[in-house]
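Reader: I'd like to learn how to read the place where two chains meet. Could you take me through one case?

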Protein chains: 2
Amino acid sequence: MPENRRPQAPEEKRAEIVAAARELFVDAGYDATPMSRVAATAGVTANTIYWYFDDKDAVLIAVLDAVLADALDQYQSVAAEPIPVRLLWVVRQLQQMSRLVSTVHARAERSPSVASWHDDFHLLTSGLFRSELEAAGAATDGLDAEVMIGVFTIEGLLMHPLGEEEQRAVCDALTARWVPPQSS
Amino acid sequence: MPENRRPQAPEEKRAEIVAAARELFVDAGYDATPMSRVAATAGVTANTIYWYFDDKDAVLIAVLDAVLADALDQYQSVAAEPIPVRLLWVVRQLQQMSRLVSTVHARAERSPSVASWHDDFHLLTSGLFRSELEAAGAATDGLDAEVMIGVFTIEGLLMHPLGEEEQRAVCDALTARWVPPQSS
DNA sequence: ACCTGAACACCGTTCAAGT
DNA sequence: ACCTGAACACCGTTCAAGT
């Protein structure tokens with residue numbers, strides 16, 4: 001039985017590499033995890049990864065896609081909650097991957113593919129944010145600016161870990177901007 | 001009387017290294033500029049830098065300090081302008097160094113000294129922001145949250161280059177929140 | 001097609017040795 | 001003290017060669 005004839009389908013092996021990279025990138029960070037470590041965790045040699053991916057940034061993008069898919073998936077569970085709760089949920093969810101956030105910003109400068117993933121991501125989140133605001137009955141003029149303030153604030157929360165209290169205060173202050181003053 | 005006088009004072013050589021690093025880090029980025037390039041630009045060998053600095057992160061911090069000092073210095077020229085103008089000025093000023101911003105976030109994960117510089121920086125900017133808000137007569141409860149929203153929004157503007165129009169809209173929307181509604 | 005060992009190019013950093 | 005040439009350790013990536 002030749003050793004390189006694996007019982008697994010190629011897609012599974014690929015998924016294993018992504019899973020290994022995801023864990024390592026999230027826990028230790030992209031820069032801090034060599035390809036050799038990803039490979040070892042996935043049970044292959046470093047250069048094997050290059051059969052499945054163009055380069056390290058391609059692995060990063062696969063990780064980002066997986067994480068995003070999971071997040072969107074899990075979002076269903078809080079979709080019915082009021083806005084500030086959902087906001088806080090999103091922040092918590094994403095905060096686990098604050099390392100990925102700064103990695104994306106750092107790598108976007110050097111890798112066009114990461115840059116384009118980043119652009120798409122902001123398009124997506126801005127869109128979600130915008131429909132949230134509209135559903136909440138926010139004033140429609142200057143909505144774009146509010147959306148950006150919201151997105152940037154969330155990004156800031158991810159990257160600068162604050163206390164529980166402060167996070168809630170910021171989320172509340174954010175929502176207070178959109179929801180028209182409660183007068184009944 | 002010191003007998004081994006160098007043609008250059010050591011402080012000058014150090015400053016030259018920082019100047020070279022600053023230009024390269026701002027233009028090409030931290031990751032993209034090897035120590036050898038910094039050294040060559042400063043007219044020394046790569047390893048000479050290690051006599052003046054502990055490591056590459058120490059050079060980065062020296063660059064950050066220099067940039068910050070210049071920015072605070074130049075701020076005097078717009079100190080008298082109205083808030084939104086000053087805000088926009090700050091964004092423009094800092095946007096030239098968006099590369100440094102993401103570098104700080106990326107390196108803060110791995111280098112404690114960069115992390116501590118980053119913390120100090122946020123303390124400083126939050127303080128400035130806070131006194132701006134107080135001077136503008138913003139409501140004092142929930143001020144901390146507003147300050148953070150402001151800081152994060154500016155950081156977001158730095159890292160996600162928008163059009164001129166959008167930047168102004170965001171800055172205006174930000175200030176609209178603080179300045180009490182114009183009621184006659 | 002899938003995978004490997006060996007090698008290349010590059011980079012941050014160190015060190016013994018020079019002035 | 002200040003600076004260098006040479007080397008070390010590490011890492012992303014490639015390639016000829018195997019199954």
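Reader: How many residues of chain B are in contact with chain A?

Author: Happy to help! This is a predicted model, where local features need pLDDT of at least 70, side-chain atom pairs count only at pLDDT 80 or more, and totals for chains, interfaces and linings use all residues. Residues are numbered from 1 along each chain as its sequence is written, chains are lettered from A and ligands numbered from 1 in the order in which they are written, and side-chain values use heavy atoms, leaving out hydrogens and water. Contact means heavy atoms within 4.5 Å; here 29 residues of chain B touch 30 residues of chain A.

Reader: What area do chain B and chain A bury between them?

Author: The size of an interface is often given as the accessible area lost when the parts come together. With a 1.4 Å probe and summed over both parts, chain B and chain A bury about 2,500 Å², 66% of it on carbon and sulfur atoms. On the chain B side, Glu109(B), Phe152(B) and His160(B) lose the most area, together 24% of what that side buries.

Reader: Which side chains meet in a salt bridge?

Author: A salt bridge is a side-chain nitrogen of Lys or Arg within 4 Å of a carboxyl oxygen of Asp or Glu. The count between the chains is 2, and Arg99(A) with Glu109(B) is one such pair, at 3.6 Å, N to O.

Reader: Why do the copies meet through the same surface?

Author: Because 100% of the interface residues of chain B are also interface residues in chain A.

How values were computed: Buried area is the accessible area (1.4 Å probe) that two parts lose on being put together, summed over both.
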